[in-house]
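Hi,

Here is the structure I said I would pass on. Have a look at it first, and my notes follow below.

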Amino acid sequence: MVQFCCSCAFGARLLKKCHCSCPPGTKISAEQELVHKRVVHMTMFKVDTLVVRDSGGPDVLAPVLTELANTAIMRTEGHFLQGELYSEGTVRDQLEDGKHRFVVALANGKTAPTGIVAACRVTLPDVSGCDAHLSMVCVKEDFEGRGIGTALVEGAVKVARTAGCARVGLHFPSVRQDMQKFYTAREFVLSHEEPMPEKYTPLIKPGNLPMGLVWMYRQIS
């Protein structure tokens, strides 16, 4: 049973009643209230590795995942990006190449593909013990702020650990300092910054270069 302090109006309002082991009127900090909110929201979705064959297959899933990812990235990076970062064809191939895993969040009681509200991609190494790569982390706008991004990261870490990886790495544009803060709070450590690779420069609007690529890693073994 989910536990809430009696002063947690959010929990009481959402669940209609407050299940609490604290005395009435117990005060909680803003940090504790945030935890309460995330616990409640966690009951509203399910995060798991996508089973492609049971979810419509690559032809059905690829357009759903691609649209979700491109919409999310343009919402947060559209001020400096142009065009689409992810292609449906590439995602379709990755859904069945055996090297990639997609972790998805499903709205409560719903199934893939229509119930997918968030997703991320894990690229596994060819050799066990090497690094996995986390990318394409995306959440539908209406579902942001519910702890789903954190759940996706932990789901990706579980996939990588099961595959025998030593670390999970990721990268993002240097202007996204909010991402560095987010991943630092989830046990990723800053590694280095490199110049933006040429394959990405056509996607960046004129006037926004130079821009670097920041790399972070999380040790998982």
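**What I found**

Going along the sequence, the elements come in the order α-α-β-α-α-β-β-β-α-β-α-β-β. That makes six helices and seven strands in the chain. Keep in mind as you read that this is a predicted model.

A few overall numbers to get you started. The chain has 221 residues, and 42% of them are buried. If you take the contacts with a separation of 6 or more, 64% are between residues 24 or more positions apart. The accessible surface of the chain is about 12000 Å², with 53% of that belonging to carbon and sulfur atoms.

Then I turned to the second largest pocket, which has a volume of about 230 Å³. So that you can find it on screen, here is what lines the second largest pocket:

- V47, D48 and T49
- R101 and V103
- L124
- E154, G155, K158, V159, T162 and A163

Three elements give two or more residues each to this lining: β1 (45–49), β2 (100–107) and α5 (148–162). Which of the elements gives the most to the lining of the second largest pocket? That is α5, with five residues.

As for the chemistry of the lining, the residues of the second largest pocket split into five nonpolar, four charged and three polar. V47 and L124 are among the lining residues, and so are D48 and R101, if you want some places to click first.

Cheers

Note on methods
Residues are numbered from 1 along each chain as its sequence is written. This is a predicted model: local features need pLDDT of at least 70, side-chain atom pairs count only at pLDDT 80 or more; totals for chains, interfaces and linings use all residues. Side-chain values use heavy atoms; hydrogens and water are left out. On a 1 Å grid over the protein atoms alone, a cavity is a set of points where a 1.4 Å probe fits but cannot get out, and a pocket is an open set with protein on both sides within 12 Å along at least five of seven lines; lining residues have an atom within 4 Å of a point. Grid points are joined across faces, edges and corners, and a volume is the space filled by probe spheres set on the points. Helices (H or I, at least four residues) and strands (E, at least two) are DSSP runs, numbered from the N terminus. Ala, Val, Leu, Ile, Met, Phe, Trp, Tyr, Cys and Pro count as nonpolar, Asp, Glu, Lys and Arg as charged, and the others, Gly among them, as polar. Buried means under 20% relative accessible area, exposed over 50%, partly exposed in between (1.4 Å probe, protein chains only). Contact means heavy atoms within 4.5 Å. Accessible areas come from the Shrake-Rupley method with a 1.4 Å probe; for residues, only the protein chains shown count as cover.
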